[in-house]
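Take a look at the fold below before reading on. The text moves from the whole chain to single residues.

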Amino acid sequence: MKKAIGIDIGGTKIAAGMITHSGEMLMREEVESDPTDREKMFARVMEAVEQLLKKTSFSLADIEGIGVGVPGKVDCENGIAIFQNNLPWEQFPVIARLREQFGIERISIDNDVHMAAYAEWKAGQEKRNETFVYVTISTGISCSIIQNGTFFRGAGFAGELGLIPVLSKANNKENRRLEQVAAGPAIKKLAEMELQIDQISTKEVFGGYVKGACEYLPVIEEVTDNLAQGLYAISCLLDPHKMVFGGSVIVNNPFLLKLIKEKLRSYLLHEQQHILSQMSISTLKQDNGVIGAGLRIFERS
């Protein structure tokens, strides 16, 4: 049975998993990130891999390679993490450093959302002649596009859905970047503004809404409308055949998808409404980044 290590690197945590050729995760390990320094951050990545190996009966000699998902802009060909908002890794040679540390030649690197998208695309056994979009809604908002079995990258920064401007009713009907009005931290800030309180968590906002507390309704209405506007832009530009959602905000609050669909329906023309029946929430949930990173090794085998 072929195996690879998948690593999903973020500003809060680093997850590493032992992945089979079929996409099964045999073991998973997670450590906290240390974004205070580039070398400290890399040390945490090594720690995640070392802890994973200790918990399995496998050694580095048993694996095909290592796949790594990193936020932001990535130079896949040269193995360099170019730019990130939440890591101190500007122009960091990730592949070279991992080869030096672990002595493994086959190492793959890509944007973390691309890695998650690849796992979802493979899990859904999507057709190569269709357009597939994966959207993540978490601390940030982004998407990845797979067209005819290949990632659409543009000049390297394609898929930054969170940067698309939407008309925010809660912000004096001003155009704001979607990430600023619909990602996890934005939901928290919006609730504090609407409820005129000093501190509330995003989790508490969703919990209050689910319990039927009416004061949370305007917050959820605003957030889902903003998301619908952003998704409408994607629908008009790409007209995708399928759209899968991941990220903690929507995975932990699946009722959001129904609300988003209701809002989106009002924007869509009849000819565009096919996407509504093809929108779903990830079944791989928080593991898709790790699984996708591991699977990319086999793609290159």
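**Overall shape and surface**

The protein exposes about 14,200 Å², and carbon and sulfur atoms supply 48% of that area. Keep in mind that this is a predicted model. The C-alpha trace spans about 55 × 45 × 35 Å along its principal axes. Is that what a compact globule would give? What radius of gyration does the protein have, and what would a compact globule of 301 residues have? The protein has 20 Å, and the globule would be near 19 Å, so the two agree.

Buried residues make up 50% of the 301 residues. Now take the contacts with a sequence separation of 6 or more. Residues 24 or more positions apart account for 62% of them. The secondary structure comprises ten helices and 14 strands.

**The five-stranded sheet**

Start with the open sheet. Five strands form it, in the order β10-β9-β8-β13-β14, and the pairing is mixed. The edges are β10 (150-151) and β14 (279-281). Each has a single partner strand, so one side of each is left without a neighbour in the sheet.

Helix α7 (residues 217-238) packs on this sheet. The helix touches β8 (131-137), β9, β13 (242-246) and β14. The direction of α7 makes about 160° with that of β8.

Walk across the sheet from the β10 edge. Strand β9 (residues 141-147) and β10 run antiparallel, joined by two bridges. Gln 147 has Thr 150 in β10 as its bridge partner. Further along, β8 and β13 pair in the parallel sense over five bridges. Here Val 133 is matched with Met 243 in β13. Then β13 and β14 run parallel, with three bridges between them. Met 243 appears again, with Met 279 of β14 as its bridge partner.

Is β13 enclosed or open? What share of its residues is buried? Four of the five residues of β13 are buried, so the strand is largely enclosed by the rest of the structure.

**A hairpin**

Next, find strand β11 (residues 165-168) and strand β12 (residues 174-177). They pair in the antiparallel sense over four bridges. Together they form a hairpin, with five residues between the strands. Val 166 has Arg 176 in β12 as its bridge partner. The two faces of β11 can be told apart: Val 166 and Ser 168 lie on a covered face, and Pro 165 and Leu 167 on an uncovered one. In the turn, Asn 172 has a positive phi of about 55°.

**Positive phi in two loops**

Most residues other than glycine have a negative phi. Two glutamines are worth a look here. Gln 91 has a phi near 55°. It lies in the loop between β6 (80-83) and α2 (94-102). With a relative accessible area of 48%, Gln 91 is partly exposed. Gln 196 also has a phi near 55°. This residue sits in the loop between α5 (184-195) and α6 (202-210). Is Gln 196 buried or exposed? Its relative accessible area is 72%, so Gln 196 is exposed.

**A lysine under cover**

Move to the start of the chain. Lys 3 belongs to strand β1 (residues 3-9). Is Lys 3 buried or exposed? Its relative accessible area is 8%, and the cut-off for buried is under 20%, so Lys 3 is buried.

Which residues does Lys 3 contact, leaving aside its neighbours within four places in sequence? They are Met 18, Ile 19, Leu 26, Phe 58, Asp 62, Ile 63, Glu 64, Gly 65 and Phe 298. Lys 3 and Ile 297 are 294 residues apart in sequence, yet their C-alpha atoms are 9.1 Å apart in space.

**Cysteines without a bond**

A disulfide is a covalent bond between the sulfur atoms of two cysteines. How many does the structure hold? The count is zero. Take Cys 236 as a case. The closest cysteine sulfur is in Cys 143, 14 Å from that of Cys 236, so the pair is too far for a bond. Cys 236 is partly exposed, with a relative accessible area of 41%. Cys 214 counts as exposed, at 62% relative accessibility.

How values were computed. Residues numbered from 1 in each chain as written. Predicted model: local features only at pLDDT ≥ 70, side-chain atom pairs only at ≥ 80, totals over all residues. Heavy atoms only, no water. Pairing = 2+ DSSP bridges. Contact = heavy atoms within 4.5 Å. Axes fitted to C-alpha atoms, helices over the stretch in contact; angles between N-to-C directions. Rg over C-alpha atoms; globule rule 2.2 N^0.38 Å. Buried < 20%, exposed > 50% of the residue type's maximum accessible area, 1.4 Å probe, protein only. Areas by Shrake-Rupley, 256 points an atom, 1.4 Å probe, with all protein chains shown as cover. Disulfide = S-S within 2.5 Å.
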